[in-house]
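Welcome to this guided tour. Keep your viewer open and follow the stops one by one.

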Amino acid sequence: MKTLYTVLDHPATKWVFIVFALVMPLASLLTWAERRQSAMMQDRLGPNRAAPTFAPWLKLKGILHFVADAIKMISKEDFIPGNVHRGLFTLAPLLAIGPVLVAFAIIPFGPTIYPHALDGTLDPLALAQDPGGKDFLDSIRMQVASFDYGLIFYFAVLTLANYGGTLAGWASYNKWALLGGLRSSSQMMSYEVAMGLSLMGCFLLVGSLEPGYIVTAGASSKLSPSNPLNWLWLWQFPALILFTTASIAETKRAPFDIPEGEPEIIGYFVEYSGLRWGLFFLAEFIEIVFVAAVITTVFFGGWQVPFLDGDGFRFGGYMVETNGQLVSTGGFVLKVPHALVSALQVGAFGLKVILVCWFQLLVRWTLPRFRADQLMNLGWKLLLPLALAWTMVSALFKLAAMYFGWV
Amino acid sequence: MGASTDGGHGHGGHGDAEPGDAAAGPTVISVSKVSPRVRTIAVVRPTEHDVTYLEATRKGLGVTLRHFMKNFFGRRRPAEALARGEVVTAKSFIPWNEIETIQYPEERTHYPERFRGLHRLMQRDDGTVRCVACMCCPTVCPANCITIIPAEIDEHGVEKAPALFEIDELRCVVCGLCVEACPCDAIRMDSGMHAKPVEERGHAIMTREMLLGVSGEAGKDPKSTATQGGEGPAWRE
Ligand code: SF4
Ligand code: SF4
């Protein structure tokens, strides 16, 4: 049993789980959801009839369209034009998709599970007092890697993904593709700054860059981290708007899709076809999932279910400090077994991610594309100063809060 | 460039993101006495709503969200009502949504009575083709898509019949002139069917036999009520 838990707790296992159980299905389904949702927003029905030839009744509202897309992309001709730089041409799609998958390592997608406590209810107080107790000997932390520099890692790795677009444009031996690649890199550069700065207030308030810590701590030490009022969306609402804007720009989708600009200005992957193009396409959707995961984790309490603490639903509790850890206790408790708590929390994370993805699709199908100058103005003249200002405000607030003992 | 005073005031309130809106001209505050071309003009600064796009975004999201919610949770209107373009007034516990899609092969819009569909060739009582190869329809056809090679026959007092009668449905512009030109009600477009999808261009050419068979496919009477020809070969004597 010991080895089983070690294997389950191994980063590789967890990464495979999060990528193949959460990210890939969600990203592929998004390709269908996007078309259906945009149709609903425009009073249409959208694709709803892909079905295997041997089972034409198996329509499932068209969910199988993503399978059809995959089959189509795999079986299409993979055309490589003459004069392209073959090495970079091949590398670019991988560079677009690889870093995003790596970045998922920092996302906590569930609570820490204690296998020996699975048959009963977890006692958070006992856990805080005696982390080495027999119930807590083995633990499976639902986060691939918890670096102290957590979100900085995300910014760093996602910068690499921008090379994907730029290199694709450069390697394609096509002027339009090159221009698209340049647009892509300039846009990414402009928005990454604002994106990083917009989260600065959150870091100041929580005191950590580690996403797992942000989820388990919340903004205030007076409220349980599972209390929705303790999630950062309330404390850092301007940051939420700034970060959402900047991160939608990072996904290179409308209204920020001038790197691609499919219908009029040709984008950086104009020379790509077949599966290579499919990789770019998939990378875009994986980025949506990733941005949704980050927004969920930082602003919406990650895997926390409202009012669900480790031992059950608690109303009217308070926080006590035990052994250097804050534990929510007291109040009216509706006991829930540890296994169910864990399942609920993982499910809550998935649900929140889906909702944020849905919101991103809503934005994408509402707003028209920005002009290049509007894009740069918004990034440099608006988001950046506002993010800086908000960082100052957050710092002052934190100072005052520490001085008066508010949080 | 005369100093324009009209239109300037309204301009300031517009709050367009473009300060240099050329058509209205700038609001002139003062003109230099020394050199009239030197003027002080009011600069139209974009309002915060224009710069942040917040107001527009909020409005737009409201519109799309309303449509999405209505269509996602609502109930699809009956296909027959959609097909006829009718407003559904019947009460429903779940409100009707606004989806306009008619799912084509299974559901169809209401076709008008005089809808010009796939051609069909009419038959005589004995099943032979009514066409007398008078060449009116290939002559009038603006798309030149009817090919007829006439042959000589001698029955029912009729002397000619098409040995070959072909219509290229890909070239046909569905104008209906062939039907109007026909003196003996031999060709009609009332089948209510569309030209069949084909994988090769050649397959879109309907032969005489195919055109004769359309009546059966469309479930229409292949016989015409109009009389044709004389009393038989005897009329010539
Ligand atoms: S409908 Fe018009 S175009 Fe078509 S065959 Fe008849 S005359 Fe020609
Ligand atoms: S006009 Fe009528 S009778 Fe004359 S060739 Fe055409 S189909 Fe035949």
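We begin at helix α3 of chain A: select A:Ile71, A:Ile74 and A:Ser75, which are exposed on one side of α3(A). Before going further, please note that this is a predicted model.

Stay with the helix, which covers residues 65-75, and add A:His65, A:Asp69 and A:Met73 to your selection; these residues are buried. Why do they sit on the same side of α3(A)? They span an arc of only 70° around the axis, so they fall on the same side. The exposed trio, A:Ile71, A:Ile74 and A:Ser75, is on the other side. Try looking along the helix axis here.

**Next stop: a patch on the surface**

Now select A:Trp170, A:Trp176, A:Leu178, A:Leu179, A:Leu182, A:Ile266 and A:Val270. Together they make up a nonpolar patch on the surface, and their accessible area adds up to about 680 Å². Which helix gives the most to this patch? Colour helix α7 of chain A, residues 175-198: four residues of the patch come from this helix.

Pick out A:Val270 from the patch. You will find this residue in a loop of chain A, between α11 (237-250) and α12 (274-299). A:Val270 counts as partly exposed because its relative accessibility is 38%.

While you are in that loop between α11 and α12, look for A:Pro255 as well. The peptide bond leading from A:Ala254 into A:Pro255 is cis, with omega near 5°. That is worth a pause, since most peptide bonds are trans.

**Back to helix α7**

Return to helix α7 of chain A and select A:Ser186, which has its place there. Is A:Ser186 buried, partly exposed or exposed? With a relative accessible area of 30%, A:Ser186 is partly exposed. Add A:Leu95 and draw a distance between the two C-alpha atoms: A:Ser186 and A:Leu95 are 17 Å apart in space, while 91 residues separate them in sequence.

Next, go to the loop between α6 (150-171) and α7 of chain A, where A:Tyr173 is found. A:Tyr173 has a positive phi of about 55°, although it is not a glycine. Most residues other than glycine have a negative phi. A:Tyr173 counts as exposed because its relative accessibility is 57%.

**Over to chain B**

Select chain B, which has seven helices and seven strands. Starting at the N terminus, its elements run α-β-β-α-α-α-β-α-β-β-α-β-β-α. Chain B has 237 residues, of which 30% count as buried.

Zoom in on B:Asp185, in the loop between α6 (177-181) and β6 (187-188) of chain B. Here is another residue that is not a glycine but has a positive phi, about 50° for B:Asp185. Its relative accessible area is 23%, so B:Asp185 is partly exposed.

**Last stops: the two ligands**

How many residues surround ligand 1? Show its surroundings and you will find 13, the closest being B:Cys141, B:Cys172, B:Cys175, B:Gly176 and B:Cys178. Colour this shell by class to see eleven nonpolar, two polar and no charged residues.

Finally, move to ligand 2, which is also surrounded by 13 residues. The closest are B:Cys131, B:Cys134, B:Cys137, B:Ile148 and B:Cys182. Colour this shell by class too: around ligand 2 there are 13 nonpolar, no polar and no charged residues.

Technical notes. Residues are numbered from 1 along each chain as its sequence is written. Chains are lettered from A and ligands numbered from 1 in the order in which they are written. This is a predicted model: local features need pLDDT of at least 70, side-chain atom pairs count only at pLDDT 80 or more; totals for chains, interfaces and linings use all residues. Side-chain values use heavy atoms; hydrogens and water are left out. A residue is near a molecule or strand if one of its heavy atoms lies within 4 Å of it. Ala, Val, Leu, Ile, Met, Phe, Trp, Tyr, Cys and Pro count as nonpolar, Asp, Glu, Lys and Arg as charged, and the others, Gly among them, as polar. Patches are made of residues with over 30% relative accessible area and no salt bridge: like charges are joined within 9 Å, nonpolar side chains (Val, Leu, Ile, Met, Phe, Trp, Tyr) within 5 Å. Accessible areas come from the Shrake-Rupley method with a 1.4 Å probe; for residues, only the protein chains shown count as cover. A salt bridge is a side-chain nitrogen of Lys or Arg within 4 Å of a carboxyl oxygen of Asp or Glu. Helices (H or I, at least four residues) and strands (E, at least two) are DSSP runs, numbered from the N terminus. Buried means under 20% relative accessible area, exposed over 50%, partly exposed in between (1.4 Å probe, protein chains only). The arc is that of the directions from the helix axis to the C-beta atoms.
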